[in-house]
Amino acid sequence: MYFPIAGVEINPLALIAIGFTVGVLGGFFGVGGSFLAGPALFALGVPMHMVVGTDLTHIVGKSIVASRRHYALGNVDIKLGLLMTAGTIAGVEAGAQAVQGLKQHGSADLVISVAFILVLVSISVFVGWESWRTRQMHRAQGIALGAEQADASAIDHVARRVHRFRLGPHIALPDSGIASVSLWAVLGVAFLGGCFSGFLGGGAGYIRMPAMVYLLGVPTHVAVGTDLFEIVISAGYGTVTHALKGNVDVLIALVMHTGAALGAQVGASLTEFFHGSRIRMAFVPLPLLGALLVILGLVMGH
Amino acid sequence: MNENVGHSGIRRARELFSPSLLAEIGVYGLFVAAYFLVILHAVGDRLRELYDQHRVWYAVVALLLIGIQGAGLESLTRGLMGLFRRRE
């Protein structure tokens, strides 16, 4: 099938397969999957300047599907998602300015690639360690995996300390089970995710979802759903920005999304059958896969 | 918290990959094929024109298209999953 905007010939079944895979990952883990979809589109011949914008466009559609499914499951904290959007957009701008500075210095490619690898490996190691410790803690305390406490983390004390942060105003997030937390803590977590998004690209769900769990104490299922909701808004903003710059082939995004829509339903439905620490443990290989793709890109000179 | 978690959760999750899911994929595939042939081929050249000559409108149309498709396919896939689950 010929896509006239990008000027490439691509088998639509390949796009649908990529979309389905990324959709399942997104629905289950609450991540956009840019670190997989982007390299895949590039490998299919889409020009790199089109890859980022087109992938963001597809993420909007996929995240609508997955977040609606999670909303039906009671996993979306809309208040938290809207607050985080404000912090994310500010963070994206800060990250993008950092990239501009590196471009002027002529070191953007290497610095960003190395930063990406370090961040992704660190996230995998940390989430894996925390999930393992949580399961050890549950076994030691004799907590059944289906029990309400099963989503408790071995480092819950971090989130409790964040909740005690005194700088007001304080807000309640009843949908996340949080009685009181500083608004600045929420905005700070979102800003951090936005910085990573603006600096490293993509939706940064691999940062935001774990940050919501470990720093804010949001239950894993709610973090997944709320992250997807937030991505709809921030990726929508990114879609418009990149489309204005000529970096979006909406036809490619629409075709890829037809696979992602089905995958997102499957992925979101799977979260019903796994408790929080299992989801977090299953998340561990994803950032490592992304780091491997970046390393391959560096080695192969892309 | 859903009680069907852990090892029984893996068993229950396998139930998702059942004949009903295959049937759903088949029906969904037919819808998608018809959508490609009728809609996407028809609008391709128009979108190219917008992209070349009216970039602001292209950005708006792109966001609207993906949003409408997102909502539409979510309803379709959710309906199909519900239909085939009830028949099991």
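The following exercises, with worked solutions, concern a predicted model with chains A and B.

Local features here need pLDDT of at least 70 and side-chain atom pairs count only at pLDDT 80 or more, while totals for chains, interfaces and linings use all residues. Residues are numbered from 1 along each chain as its sequence is written, chains are lettered from A and ligands numbered from 1 in the order in which they are written, and side-chain values use heavy atoms, with hydrogens and water left out.

**Exercise 1. State how many helices and strands chain A and chain B have, and what percentage of each chain is buried**.

Step 1. Helices (H or I, at least four residues) and strands (E, at least two) are DSSP runs, numbered from the N terminus.

Step 2. Chain A has 12 helices and four strands. Chain B has three helices and zero strands, in the order α-α-α from the N terminus.

Step 3. A residue is buried under 20% relative accessible area, exposed over 50%, and partly exposed in between (1.4 Å probe, protein chains only). Of the 302 residues in chain A, 59% are buried; of the 88 residues in chain B, 33% are buried.

**Exercise 2. Describe the surroundings of Asp77(A)**.

Step 1. Asp77(A) lies in the loop that links α3 (48-72) and α4 (78-105) of chain A.

Step 2. Its relative accessibility is 2%, so Asp77(A) counts as buried.

Step 3. Contact means heavy atoms within 4.5 Å. Apart from neighbours within four places in sequence, Asp77(A) is in contact with Leu173(A), Asp175(A), Ser176(A), Val222(A) and Thr226(A).

Step 4. A polar contact is a pair of N or O atoms within 3.5 Å; within protein, one must be able to donate a hydrogen and the other to accept it, and residues adjacent in sequence count only if both atoms are side-chain atoms. Such a contact joins the side chains of Asp77(A) and Ser176(A), at 2.7 Å.

**Exercise 3. Characterise the hairpin of β3(A) and β4(A)**.

Step 1. Two strands pair if DSSP finds at least two bridges between them. Strands β3 (residues 170-173) and β4 (residues 178-182) of chain A pair in the antiparallel sense over three bridges.

Step 2. Opposite Ile171(A) stands Val181(A) in β4(A).

Step 3. Four residues lie between the strands, and Gly177(A) in this hairpin takes a positive phi near 75°.

**Exercise 4. Examine the span, bend and burial of α10(A), and the loop before it**.

Step 1. The expected span of a helix is 1.5 Å times one less than its number of residues. The 21 residues of α10(A) should therefore span 30 Å, and the 29 Å between its end C-alpha atoms agrees with this.

Step 2. The bend at a residue is the angle between axes fitted to the seven residues ending there and the seven starting there. At Thr258(A), α10(A) bends by about 30°.

Step 3. Because 21 of its 21 residues are buried, α10(A) is largely enclosed by the rest of the structure.

Step 4. At the start of α10(A), a side-chain oxygen of Asp249(A) comes to within 3.0 Å of the backbone nitrogen of Leu251(A).

Step 5. Asn247(A) belongs to the loop between α9 (220-244) and α10 (250-270) of chain A, and at 13% relative accessibility Asn247(A) counts as buried.

**Exercise 5. Locate Leu41(A) and list its contacts**.

Step 1. Leu41(A) is part of helix α2 (residues 34-43) of chain A.

Step 2. With a relative accessible area of 0%, Leu41(A) is buried.

Step 3. Leaving aside neighbours within four places in sequence, its contacts are Leu15(A), Val46(A), Val51(A), Asp55(A), Ile252(A) and Met256(A).
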